[in-house]
Amino acid sequence: SRFLHAAMAAERGKKLPEKFADQLIQATELKESGNELFRKGQWKKAIRKYHYGLMYVKSITTENLDMQNLMGFGARPRKAGPSDEEKSSANELFVLLSNNIAACLMKTEEWEKVVFHTGNVLGIQPSNPKALFRRGVANLHLNRLEEAESDLRKAKNLSTNDKAVLRQIAKHESELQVKRKESDKKEKVLYTAMFKQS
């Protein structure tokens, strides 16, 4: 879209900070801007902010990808790689930004994308309850009932003290049971029809 291209051009106009710590600060600021847009219900704009934050973070965590060229900043040599602390902070921000993108995508009901972004989170933190919950809900909407059940069960076990999360999980578990009954009925009808023909 024209708006996205204008936003990308504006973001490209900024110089990529020299220091990794400055890139982490920039990514954090983008996350905070995205959070503000999320609170206002501006999901697509929030996704853009989170996405740009991810680009800053990936320039720290990705060894073989020249994110500066990808973002249109132009390549320049670095004196040294990021410290372990900077890598750890970048991974933490990556998880937060990816989870926030998934939250926005749930609002816009883009279920396959929710699965993708939560998968990125779970690749780093396999026991992240928010990512498991969001992927479970997305799989439920995609009629991947076994995957949905597995993710929701894991999220429930990890969220035993969070009553708000447990209420949401219970709601979706009920929905899962209804879908499972519908699926079982359809299978029964299908098999009955198949056996009558033979």
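Accessible area here comes from the Shrake-Rupley method with a 1.4 Å probe. With that in hand, load the model, which is a predicted one, and turn on the surface for the whole chain. The accessible surface adds up to about 12200 Å², and carbon and sulfur atoms own 53% of that.

**Stop 1: the whole chain**

Switch to cartoon. You should count nine helices and zero strands, so to speak a run of α-α-α-α-α-α-α-α-α from the N terminus on. Now colour by burial: of the 198 residues in the chain, 37% are buried. If you like contact maps, draw one next. Take the contacts between residues at least 6 apart in sequence, and 63% of them turn out to join residues at least 24 apart.

**Stop 2: colour by confidence**

Before zooming in, colour by pLDDT. The chain has a mean of 81, with 78% of its residues at 70 or more. Select helix 1 (residues 2-12) and you have the low end, at a mean of 43. Select helix 6 (residues 111-124) and you have the high end, at 97.

Two stretches deserve their own selection. Over residues 1-10 the pLDDT stays under 50, and the model gives this stretch seven contacts beyond four places in sequence. Residues 63-72 are also below 50, with 17 contacts beyond near neighbours in sequence. Where pLDDT is low, the predicted coordinates should not be read in detail.

**Stop 3: the largest pocket**

Next, select A103, M106, K130, F133 and R134. These are the lining residues that lie nearest the centre of the largest pocket, out of 25 that line it. Which elements give two or more residues to that lining? They are helix 5 (84-107), helix 7 (129-141) and helix 9 (163-197). Of the elements, helix 5 gives the most, with eight residues.

The pocket holds about 560 Å³ of space. Colour its lining by class and you get eleven nonpolar, eight polar and six charged residues.

**Stop 4: two loops with a positive phi**

Go to E109, in the loop between helix 5 and helix 6. Its phi is positive, about 60°, though E109 is not a glycine. Most residues other than glycine have a negative phi. Is E109 buried or exposed? E109 counts as exposed because its relative accessible area is 55%, and the cut-off for exposed is over 50%.

Now jump to N143, in the loop between helix 7 and helix 8. N143 is another non-glycine residue with a positive phi of about 60°. With a relative accessibility of 53%, N143 is exposed too.

**Stop 5: R144**

Stay in that loop and select R144, which sits between helix 7 and helix 8 (145-158). R144 has 27% relative accessibility, so R144 counts as partly exposed; that label covers values between the 20% and 50% cut-offs.

Which residues does R144 touch, leaving aside its neighbours within four places in sequence? Show E112, V115 and N139: R144 is in contact with each of them. To finish, draw a distance from the C-alpha atom of R144 to that of L176. The two residues are 32 apart along the chain, and the label should read 9.8 Å.

Definitions and conventions
Residues are numbered from 1 along each chain as its sequence is written. This is a predicted model: local features need pLDDT of at least 70, side-chain atom pairs count only at pLDDT 80 or more; totals for chains, interfaces and linings use all residues. Side-chain values use heavy atoms; hydrogens and water are left out. Helices (H or I, at least four residues) and strands (E, at least two) are DSSP runs, numbered from the N terminus. Buried means under 20% relative accessible area, exposed over 50%, partly exposed in between (1.4 Å probe, protein chains only). Contact means heavy atoms within 4.5 Å. On a 1 Å grid over the protein atoms alone, a cavity is a set of points where a 1.4 Å probe fits but cannot get out, and a pocket is an open set with protein on both sides within 12 Å along at least five of seven lines; lining residues have an atom within 4 Å of a point. Grid points are joined across faces, edges and corners, and a volume is the space filled by probe spheres set on the points. Ala, Val, Leu, Ile, Met, Phe, Trp, Tyr, Cys and Pro count as nonpolar, Asp, Glu, Lys and Arg as charged, and the others, Gly among them, as polar. pLDDT is the predictor's confidence in each residue, from 0 to 100.
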